[in-house]
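Please find below my notes on the model, set out as numbered points. They take the ligands in turn, then a pocket, an annotated segment and two backbone details.

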Amino acid sequence: MMAKLFRAVIMGPPGSGKGTISERIAQRFGLKHLSSGDFLRENIAANTEAGVLAKTYIERGLMVPDHVMTRLLLPRLEEMTCHSWLMDGFPCTLAQAKALNSTCDLDLVISLNIPYETLKDRLSDRWIHPASGRVYNMGFNPPRVQGRDDLSGEPLIQHDDDQPEALVARLRHYKDVAKPVIDLYKSKGILHMFSGTETDRIWPYINSLLSTKIPSRPETDTQHIPLP
Ligand SMILES: Nc1ncnc2c1ncn2[C@@H]1O[C@H](COP(=O)(O)OP(=O)(O)OP(=O)(O)O)[C@@H](O)[C@H]1O
Ligand SMILES: Nc1nc2c(ncn2[C@@H]2O[C@H](COP(=O)(O)OP(=O)(O)O)[C@@H](O)[C@H]2O)c(=O)[nH]1
């Protein structure tokens, strides 16, 4: 049992390894891995009012407006009064960060800084199981059966906006909206930036940092828990 609740955020451009590293953190330290993308997909699948609205943006490759994101996410975070968590994909704008700030005090923010060429290579090779959000890469973490999700056996897909033509615009957009968020967390003294081209090389540094802040737990307790 953790003595103190721990709240962290992981930021980084598309393909920087947020999902991959979040899973490792969840497994090692027992934080709940909360993902804005998973949460949106759940709402879309459940046909909630916000889910239907969010879908119209996601289908066009657009970000969901801040007020929709905050209305969806903040009440869920407020309910998690007795859980430590790691949030992946939110906040990604200054308005979202300010809204989150009014709900809870973050202990730590991880920001991943990965070169463009690496992002491009990873994303053009990213395969996703749409129903669960599970992510594969044919070189780095391939599925057991090619083209199939490990757990469900269902087909994997690729996103058009993971292809190099769309990536430049996505990365430019990320830089523009993330900069003030990063500056905010820097000014609060909770930002930790990690740079590199391989997740396996960055991971030991993140692991050491978190080990100084939260106790690790046996790996058998692995869990990926979507928001309730
Ligand atoms: N914090 C957010 N604010 C606005 N829209 C969001 C946010 N998080 C997710 N979305 C929307 O949901 C979609 C899916 O999000 P998700 O994080 O799964 O995938 P993604 O865009 O491929 O991100 P990444 O490539 O960084 O993993 C995004 O493309 C965006 O439209
Ligand atoms: N080759 C390679 N692929 C990686 C590495 N780390 C993550 N990936 C893959 O790169 C893609 C993007 O990672 P993901 O965790 O989805 O990043 P996110 O978009 O920031 O959440 C996925 O296909 C991962 O499996 C790495 O160190 N090397």
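1. The side chain of Arg-122 places an N or O atom 3.5 Å from an oxygen atom of ligand 2. Asn-141 brings a polar side-chain atom to 2.7 Å from an oxygen atom of this ligand, and Gly-15 a backbone N or O atom to 2.8 Å from an oxygen atom. On its own, ligand 2 exposes 580 Å², of which the protein buries 89%. Polar contacts here are pairs of N or O atoms within 3.5 Å; within protein, one atom must be able to donate a hydrogen and the other to accept it, and residues adjacent in sequence count only if both atoms are side-chain atoms. Accessible areas follow the Shrake-Rupley method with a 1.4 Å probe, and for residues only the protein chains shown count as cover.

2. This is a predicted model, in which local features need pLDDT of at least 70 and side-chain atom pairs pLDDT 80 or more, while totals for chains, interfaces and linings use all residues. Residues are numbered from 1 along each chain as its sequence is written, chains are lettered from A and ligands numbered from 1 in the order written, and side-chain values use heavy atoms, without hydrogens and water.

3. Around ligand 2 there are 17 residues, with Gly-15, Thr-20, Arg-126, Asn-141 and Thr-199 coming nearest; a residue counts as near if one of its heavy atoms lies within 4 Å. The shell comprises 5 nonpolar, 8 polar and 4 charged residues. Nonpolar means Ala, Val, Leu, Ile, Met, Phe, Trp, Tyr, Cys and Pro, charged means Asp, Glu, Lys and Arg, and the others, Gly among them, are polar. At least two shell residues come from each of α1 (18-29) and β6 (134-137). Helices (H or I, at least four residues) and strands (E, at least two) are DSSP runs numbered from the N terminus.

4. Which residues come nearest to ligand 1? Of the 17 around this ligand, they are Lys-18, Ser-36, Leu-62, Gly-89 and Arg-126. Leu-62 has a backbone N or O atom 2.7 Å from an oxygen atom of ligand 1. A polar side-chain atom of Gln-96 is 2.9 Å from a nitrogen atom of the ligand, and an N or O atom in the side chain of Arg-170 is 3.2 Å from an oxygen atom. Ligand 1 alone has 600 Å² of accessible area, and the protein covers 80% of it.

5. The shell of ligand 1 has 9 nonpolar, 4 polar and 4 charged residues. Helix α2 (residues 36-45) gives the largest share, 4 residues.

6. The second largest pocket has 19 lining residues, and Pro-13, Leu-112, Asn-113, Tyr-174 and Lys-175 lie nearest its centre. α7 contributes the largest share of this lining, 10 residues. By class, the lining holds 12 nonpolar, 2 polar and 5 charged residues. On a 1 Å grid over the protein atoms alone, a pocket is an open set of points where a 1.4 Å probe fits, with protein on both sides within 12 Å along at least five of seven lines; lining residues have an atom within 4 Å of a point.

7. Residues 126-161 are listed by UniProt, in an unreviewed entry, as "domain: Adenylate kinase active site lid"; such annotations may be inferred rather than shown by experiment. In the model this segment is 0% helix and 22% strand, with its end C-alpha atoms 11 Å apart.

8. Two backbone details remain. Phe-90 and Pro-91 are joined by a cis peptide bond, with omega about 0°; Pro-91 sits in the loop between β3 (85-88) and α5 (94-101). Asn-47, in the loop between α2 and α3 (49-58), has a positive phi near 55° although the residue is not glycine.
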